[in-house]
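Reader: I am in my first year and I would like a close look at a single part of this protein. Could you take one strand and walk me through what surrounds that part, slowly and with the terms explained?

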Amino acid sequence: MTILYIETSGVNCSVAVSRGEELLAEQSENTGKFTHSEHLHTFIEEVLPQAGVSLGDLDAIAVSGGAGSYTGLRIGVATAKGLCFALGKPLIAIPTLQILASQVQGRCIIPMIDARRMEVYSAVLNDRYEFVSPSEAKILDADSYSEYLNEGKVIFLGDGAKKFSAICTHPNAVFVENAFPQARDMVRFATERYQRGDFADVAYFEPQYLK
């Protein structure tokens, strides 16, 4: 199957195309500010010929479904829905924190997206990138996630991990900063959902804003 991926949950604007689990092309830009309204459609127009496919060749559209920036998610989901309606293709929604977590390997992974002040959007995932604890908006303190840290190494990553690294002194905490969700990291999850027929309702799907 050939799938177009759209990831706009934060300041990183990212688009990719795959055939099966083979990544065919991608475009990504992170200027530290939102450029999705300017570049998302251009990126889509660029990656399709790079991948050697047309809109009609697509079997599905996959989008990052939150948590994340309200504005970013709205732009990405609206674009994905528009393409699905126009092309008659199914919509696949992947949790943003699962996308982010897949950039590392570990027993316990806690991706964090900055939600301003001392708050983050976070979740706890295992080594198979399954949710141990669901996505939530969490206010951080020095003892946050101690129940997981006391059991062994925990990897924290994402633009929200930096603020936690400033207050967490637990020896089992490992921090990976400057990590952002990428469209390319959606491939394995979207292909699995496509094979299961696990599609979002194009008419009624809404991103997970959390707040």
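Author: What follows is a walk along strand β1 and then outward to the parts around β1.

This is a predicted model, in which local features need pLDDT of at least 70 and side-chain atom pairs count only at pLDDT 80 or more, while totals for chains, interfaces and linings use all residues. Residues are numbered from 1 along each chain as its sequence is written, and side-chain values use heavy atoms, with hydrogens and water left out.

Strand β1 covers residues 2-7; here helices (H or I, at least four residues) and strands (E, at least two) are DSSP runs, numbered from the N terminus. Six of the six residues of β1 are buried, where buried means under 20% relative accessible area, exposed means over 50%, and partly exposed lies in between, with a 1.4 Å probe and protein chains only. In a regular strand the side chains alternate between the two faces of the sheet. In β1, Thr2, Leu4 and Ile6 point one way, whereas Ile3, Tyr5 and Glu7 point the other way, and all of these residues are buried.

The partners of β1 come next, and two strands count as paired if DSSP finds at least two bridges between them. With β2 (13-19), β1 runs antiparallel and is joined by six bridges, and the two strands form a hairpin with five residues between them. Within this pairing, Glu7 stands opposite Ser14 of β2. With β4 (60-64), β1 pairs in the parallel sense over four bridges, and Ile3 has Ala60 as its bridge partner there.

Ala60 is worth a pause of its own. This residue of β4 counts as buried because its relative accessible area is 0%. Leaving out residues up to four places away in sequence, Ala60 touches Thr2, Ile3, Leu4, Lys89, Pro90, Ile92 and Tyr194, a contact being heavy atoms within 4.5 Å. Three residues of β1 are thus named among the contacts of Ala60, namely Thr2, Ile3 and Leu4.

Back in β1, Tyr5 has a list of contacts that can be followed in the structure. Again not counting residues up to four places away in sequence, Tyr5 touches Ser14, Val15, Ala16, Val17, Ser18, Gly20, Ala62, Ala183, Met186, Val187, Ala190 and Thr191.

Some of these names return in the nonpolar core, which is a set of buried Ala, Val, Leu, Ile, Met, Phe, Trp, Tyr and Cys residues joined through side-chain atoms within 4.5 Å. The largest core has 28 residues, and those that touch the most other members are Ile3, Tyr5, Ala62, Ile92, Ile94, Met186 and Ala190. The elements that give two or more residues to this core are β1, β4, β5, α3, β6 (108-114), β7 (119-126), β9 (154-157) and α6. Among the contributors, α3 gives the most, with four residues. A second, separate core of 25 residues includes Val15, Val53, Val63 and Ala80.

Helix α6 (residues 187-196) has Val187, Phe189, Ala190, Thr191 and Arg193 as its buried residues. What covers those buried residues includes β1 together with β2, β3 (22-29), β4, β5 (91-94) and α3 (96-101). After α6 comes Gly197, whose phi is positive, near 70°.

The last stop is an empty space in the structure. Rolling a probe the size of a water molecule over the atoms shows where empty space is left. On a 1 Å grid over the protein atoms alone, a cavity is a set of points where a 1.4 Å probe fits but cannot get out, and lining residues have an atom within 4 Å of a point. Grid points are joined across faces, edges and corners, and a volume is the space filled by probe spheres set on the points. A search of the whole structure finds one cavity of 30 Å³ or more, and the largest cavity has a volume of about 70 Å³. The lining of the largest cavity includes Ser9, Gly10, Val11 and Asn12, as well as Leu100, Met112 and Phe180. This lining divides into seven nonpolar residues, four polar and one charged, where Ala, Val, Leu, Ile, Met, Phe, Trp, Tyr, Cys and Pro count as nonpolar, Asp, Glu, Lys and Arg as charged, and the others, Gly among them, as polar.

Key
On a 1 Å grid over the protein atoms alone, a cavity is a set of points where a 1.4 Å probe fits but cannot get out, and a pocket is an open set with protein on both sides within 12 Å along at least five of seven lines; lining residues have an atom within 4 Å of a point.
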